[in-house]
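Here is a short briefing on two helices and a handful of charged pairs. Have the sequence and the structure open as you read.

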Amino acid sequence: MESIKEIINKILEEKKEAGGIKQVFYVACGGSLGAFYPAKIFLETEAVGIKTGWYNSNEFIHNLPKSMGENSVLIVASHKGNTPETVEAARIGKERGIPVIVLTWIPDSPITQYADYVIPYTFGDNKDIAGEKTIKGLLLAVEILNQTEGYPNYEKFMDGVSKINQIVRNACRLVQRRAREFARNYKDDKVIYTIGSGAGFGAAYMECICIFMEMQWINSNAIHSGEYFHGPFEITDKELPFILQLSEGKTRALDERALNFLERYARRIEVLDAKELGLSTIDASVVDYFNHSLYNNVYVVYNQALAEARQHPLSTRRYMWKVNY
Ligand SMILES: N[C@@H]1[C@@H](O)[C@H](O)[C@@H](COP(=O)(O)O)O[C@@H]1O
């Protein structure tokens, strides 16, 4: 199987005459879409001449971006490979002759019929964090940038990839007791908010929609740390619970501002501090892009404890995959 580096090299060779890669579209639903958030932020931040799109699959198919054409690459993800709108997005890409890269857990699932390249990833207990969907999505972005405009921090990024698995393992051990305490204190709450910023915001989004709402039926909203002061902070009081991601990197200042306010007016705040959780061993020039992997996996420890305390297994659904929608 070709490496991500080889896949991008091949696509660029094919597009040489046409002018290379100028647009990258990340398309998926729910958790799979959230996993692409760091890649979107990476390209938006680091690339000068590459346009990035980050779309829910159904929005993509109903409102196709006009820039999608001979200089585009379509990257889709579907864990089970059968979410109809994501399969349709891949089909449209294929029909238009755009290179379609598919990330899926099931190699012979329906979506792969429209794939030019299929990229597997690690998943489940004891997975290698560096092989997860999030990092694969990021590596696609890193390779595209490096092989087009060049990426001066390429080696530092790869060093981060080599460190992330151990960092996450240590962090998960560190939060085990806190997670049990969190579960005890918050098990009867009807609403829990998540707050975050930067490339790690995708993890706050996933925790909100996939865990609290989908798997625990707890009301939630993922609040951007910068946006918190432009509406959401009005609901702050001593009773409402917040999980705040104090990220490492350029947007930490936004998270600190939210935390300062919360410490004045709220009482029930669970802080996930990426610095304390060990992310700072990754070089400052690339550390932003690893917040998501850290948070997304540390949340797993919290989620298991919460599901147990609430006696509401994470597999419980009333509509998803059960009724027509
Ligand atoms: N929690 C998510 C859901 O939000 C989402 O609907 C689904 C998409 O599925 P897939 O990635 O298989 O396309 O994945 C997970 O279960």
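The notes below cover helices first, then salt bridges.

This is a predicted model: local features need pLDDT of at least 70, side-chain atom pairs count only at pLDDT 80 or more, and totals for chains, interfaces and linings use all residues. Residues are numbered from 1 along each chain as its sequence is written, and side-chain values use heavy atoms, leaving out hydrogens and water.

**Helices** (DSSP runs of H or I, at least four residues; strands are runs of E, at least two; both numbered from the N terminus)

- Helix H5 spans residues 84-95, and its end C-alpha atoms are 16 Å apart. That agrees with the 16 Å expected for twelve residues at 1.5 Å a residue, where the expected span is 1.5 Å times one less than the number of residues.
- Buried residues of H5 (under 20% relative accessible area, 1.4 Å probe, protein chains only) are Thr86, Val87, Ala89, Ala90, Ile92 and Gly93.
- Their cover includes strands S1, S3 and S4 and helix H4, where contact means heavy atoms within 4.5 Å.
- Helix H10 (residues 291-310) has 15 of its 20 residues buried.

**Salt bridges** (a side-chain nitrogen of Lys or Arg within 4 Å of a carboxyl oxygen of Asp or Glu)

- The count comes to 16.
- Arg91 pairs with Glu88 at 2.9 Å. Both lie in H5, three residues apart.
- Glu88, Arg91 and Glu95 form a salt-bridge network.
- Asp273 meets Arg252 at 3.0 Å. The pair links strand S9 to helix H9, 21 residues apart. Asp273 and Arg252 are both buried.

Note on methods:
Buried means under 20% relative accessible area, exposed over 50%, partly exposed in between (1.4 Å probe, protein chains only).
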